[in-house]
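Dear colleague,

I am passing on the structure we spoke about, and you will find it just below. After it come my notes on what turned up, beginning with a question you may like to consider while you look.

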Amino acid sequence: MALPLEDYALIGDTYSAALVGKDGSIDWLCWPRFDSDACFAALLGDERHGRWRIAPTVAVRSVRRRYVPETLVLETDFETAEGTVRVTDFMPPRGQTPDIVRIVRGLRGRVSMRMEAALRFGYGDRTPWLRSTFCCVSAKAGPDATLLRTRMPMHVADGSVSSDFTVAEHEQVPFILTWFRSHERPPRSVEAFCALEETCAFWRRWAGRCTYEGPWRDVVLRSLITLKALTYSPTGGIVAAPTTSLPEKPGGTRNWDYRYCWLRDATLTLLTLLQAGYTDEALAWRDWLLRAVAGEPEELQIMYGVAGERRLTELELPWLPGYADSRPVRIGNAAVSQVQLDVFGEVMDCLHQARRAGLPPDDESWDLQRHLLHYIERSWQQPDEGLWEVRGGRRHFTHSKIMAWVAVDRAVKSAESYGLEGPLDAWRALRARIHAEVCELGFDARRNAFVQAYGSRELDASLLMVPLVGFLPPEDPRVRGTVEAIQRELCHDGLVHRYDTRSAEDGLPPGEGIFLACSFWLADDLALMGRQGEARALFERLLGLCNDVGLLAEEYDVEQRRLVGNFPQAFSHLALISTAQTLSRADSPIQQRPRQ
């Protein structure tokens, strides 16, 4: 049985990532990139499809774990009747040759341990050929190969590797697993203890650049480290999550691949990084964005691969039973072909904010923005699939129209503020036209609330963005009415659902957890409306949903009291950081966005 998501922790090297369970298992691993075919896939099924576990062979009385402060180095302590042992897990950021280092250290007594590695590639579909040499086992299958090194004797049988050993107090036993291309020479091994010191130093140097000094610094810094771990360093792209097909409802079918970079995260990512002091990362993200969206506006996608790849063909993997028996397991994402007008607003806003922040200018960015705006002029009145990537057909989603307004508004503000060339009068008129239509067709006067789509009476948490993007001021009665309606009808135990999946025409079976980012948006709105006490109480409630090492998934199941959806989720952590900044400083990312 798969562990609950909250029992996992993330390790990574900014090229790849893995999830480590409380039971000492690594059940999900992507090498050498987040969307690589060289994966363990046990998190989506069982250990037949890949697992690497190091744990005591006797009953465990308690498990305690933590990240070494200001790092992505994980320490897990197992207490047994024989004694206590610590397993330290990390991935040294040494470049394109990824390693996982696991160091077993005796803290008290003598503890019997077992290491088991069922090495599988291709999402658990390929059992490699194993070959054992002195203190080393190699595994090869197709283009992928690994080396597992240790000083302990290892036994190879039935496609797996095992080692039984005893660790005494103060004794340390390292295990190192390294991936490489099977047609290349095996890379040199890292020295485990030097790599540990260097990895801690790497993350502490990075954490030391954080300029946030508010009341929630520890949790904000943990979220920033998580975002850094989800960054593909060679390109600056940040994946939405390192996993695929973790269900929004256990046993359900809302199982998507999130190992890609979504444009809708663009502005919040840029502002969050800038406000926290990470200018280099913000610049890398801005440059990734410009490369990814280069081309004709009609070809703009809602998401791309970490290097800007466009073909993200969705496939189902029938050999995997799925996490908590949730099928299908998918790789790729068919939503890549959807039309979502909101991404044009995100791109325009992100580039406007980059200009305001004084990032080094890109000579081609304004030409690109003008091309994007020309497309919006022609297309803003067309229906689309909307922010939530529904699969029930296109509609006139209110949020999409608002973000079309954002695209035009940011073009006007960029031209006004920086002397950039453009037909300002025409843009101002278009901005006013979009605004008037949204206020007429996207607002239900009987409900005193903005609604999901033109002609609909359904609510949608995306409308919490109305004051956050500056479409209307937070004190506007229509904003207040929308927030109060969402609190009444979309909140469960004070937390926010995206929309009512029972009545929605989204082409999918009903049922999902509350969407964590939306709940942070509600806290932002409450703060902007002057309801600081409510905002802080909601924020503290959301912080309480983080697992024991400070990680959040995409959603939370209020009934089962567990995290659901892909994990850890960049959007959730971005929203957490942004709300912390909103509640603790006047120049937060939300406050940096222009106001109507």
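By class, how many nonpolar, polar and charged residues does the lining of the second largest pocket have? Please keep in mind throughout that this is a predicted model. The lining holds five charged residues, together with four nonpolar and three polar ones.

This second largest pocket has a volume of about 220 Å³, and its lining is made up of Glu47, Arg51, Arg53, Arg114, Glu116, Ala117, Ala118, His155, Ala157, Ser160, Val161 and Ser162. Two or more of these residues come from each of strand 5 (51-56), strand 9 (99-118), strand 13 (155-157) and strand 14 (160-168), and it is strand 9 that supplies the largest share, with four residues.

The largest pocket, for its part, encloses about 470 Å³ of space; it is lined by 25 residues, of which His497, Asp500, Thr501, Arg502 and Glu512 are the closest to its centre. By class, this lining divides into 11 charged, eight nonpolar and six polar residues.

I also looked at one residue in some detail, serine 456, which sits in the loop that runs between strand 23 (449-450) and helix 9 (465-468). Serine 456 has a relative accessible area of 13%, and because this is under 20% it counts as buried. Its side chain reaches the backbone nitrogen of glutamate 458 at 2.8 Å, and, leaving aside residues up to four places away in sequence, serine 456 touches Arg395, Asp444 and Val451.

With best wishes

Terms used:
Residues numbered from 1 in each chain as written. Predicted model: local features only at pLDDT ≥ 70, side-chain atom pairs only at ≥ 80, totals over all residues. Heavy atoms only, no water. Buried < 20%, exposed > 50% of the residue type's maximum accessible area, 1.4 Å probe, protein only. Polar contact = N/O pair within 3.5 Å; in protein donor to acceptor, adjacent residues only side chain to side chain. Contact = heavy atoms within 4.5 Å. 1 Å grid on protein atoms, 1.4 Å probe; cavity = no way out; pocket = protein on both sides within 12 Å on 5 of 7 lines; lining within 4 Å. Points joined across faces, edges and corners; volume = space filled by probe spheres on them. Nonpolar A, V, L, I, M, F, W, Y, C, P; charged D, E, K, R; others polar.
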